[in-house]
Amino acid sequence: MLQKLFLLVLAGGLGTLARYGLTVLVGRIEGLTFPWGTLAVNLAGCFLAGLMLAIIDKSTVLNGTARMMILIGFMGAFTTFSTYILETGQLMQSGQYLRAFGNLTIQNLGGLAAFGIGFVMLRGFSS
């Protein structure tokens, strides 16, 4: 168990560094007028999540630990948006279109509402 946790932390650290590196690189190229770095990370993360899942599903070499390191550790630290899209894609792939649409709706609107509530609550305390 301790070894799995160490590998998860290691993969997460690499994902964090990759996210930071890509965000900085894109920011230098495109400037900061729009969150291009975050967009690049989210799109790259979604692409990589789909790629990794397809590779892992077909692989007889990669075990549960490797899957955990790649999908939870690296990809989770690189971008949780890719996990959200991966899970939505899996719902769609299994024909659960209403659940997929619900996940998209709840994640986006719920996230925006939670952000607004948190912001307003803290702003009220700091006035």
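**Helix packing and surface of an all-helical model**

Leu17 is exposed, with a relative accessible area of 59%, and the residue lies in helix α1. In this predicted model, Leu17 joins Phe6, Leu10 and Leu14 in forming a nonpolar surface patch of about 430 Å². An α-helix has 3.6 residues a turn, so residues three or four places apart point the same way.

The protein as a whole contains five helices and zero strands, and from the N terminus on its elements follow the order α-α-α-α-α. Its C-alpha trace spans about 55 × 40 × 35 Å along the principal axes. Of the 127 residues, 22% count as buried, while the protein exposes about 8900 Å², of which carbon and sulfur atoms supply 72%. Among the contacts with a sequence separation of 6 or more, 58% are accounted for by residues that stand 24 or more positions apart.

Helix α2, which covers residues 36–58, has 23 residues and reaches 33 Å from its first C-alpha to its last, a value close to the 33 Å expected at 1.5 Å a residue. Buried positions in α2 are Gly37, Val41, Asn42, Gly45, Cys46, Ala49, Leu53 and Ile56, and what covers these residues includes α1 (2–30), α3 (64–78) and α4 (80–93). Trp36, which is also found in α2, is partly exposed, with a relative accessible area of 33%. When residues up to four places away in sequence are not counted, Trp36 touches Val26, Glu30 and Gly31. The separation between Trp36 and Leu25 is eleven residues in sequence and 10 Å in space, taken from C-alpha to C-alpha.

Helix α3 has 15 residues and reaches 20 Å from its first C-alpha to its last, which is close to the 21 Å expected at 1.5 Å a residue. Its buried residues are Thr65, Ala66, Met68, Leu71, Gly73, Met75 and Phe78, and these pack against α1, α2 and α4. At the start of α3, a side-chain oxygen of Asn63 comes to within 3.1 Å of the backbone nitrogen of Thr65, and Thr65 is itself one of the buried residues of this helix.

Two residues of helix α4, Ser82 and Thr88, were examined individually. Ser82 has a relative accessibility of 1% and therefore counts as buried, the cut-off being under 20%. Leaving aside residues up to four places away in sequence, Ser82 touches Gly45, Cys46, Ala49 and Met75. Of these partners, Gly45, Cys46 and Ala49 are buried residues of α2, whereas Met75 is a buried residue of α3; the contacts of Ser82 thus accord with the packing of buried α3 residues against α2 and α4 and with the presence of α3 and α4 in the cover of α2.

Thr88, at 4% relative accessibility, likewise counts as buried, but its listed contacts are with Ala100, Asn103 and Leu104, again not counting residues up to four places away in sequence. Within the preceding part of the chain, the side chain of Thr88 reaches the backbone oxygen of Tyr84 at 2.8 Å. Thr88 and Val24 are 64 residues apart in sequence, and their C-alpha atoms lie 28 Å apart in space.

Taken together, the buried residues of α2 are covered by elements that include α1, α3 and α4, and those of α3 pack against α1, α2 and α4, while Phe6, Leu10, Leu14 and Leu17 make up a nonpolar patch at the surface.

Note on methods:
Residues numbered from 1 in each chain as written. Predicted model: local features only at pLDDT ≥ 70, side-chain atom pairs only at ≥ 80, totals over all residues. Heavy atoms only, no water. Helix = DSSP H or I, 4+ residues; strand = E, 2+ residues; numbered from the N terminus. Expected span 1.5 Å × (residues − 1). Buried < 20%, exposed > 50% of the residue type's maximum accessible area, 1.4 Å probe, protein only. Contact = heavy atoms within 4.5 Å. Areas by Shrake-Rupley, 256 points an atom, 1.4 Å probe, with all protein chains shown as cover. Patch = residues over 30% accessible without salt bridge, like charges linked within 9 Å, V, L, I, M, F, W, Y side chains within 5 Å. Salt bridge = Lys/Arg side-chain N within 4 Å of Asp/Glu carboxyl O. Polar contact = N/O pair within 3.5 Å; in protein donor to acceptor, adjacent residues only side chain to side chain.
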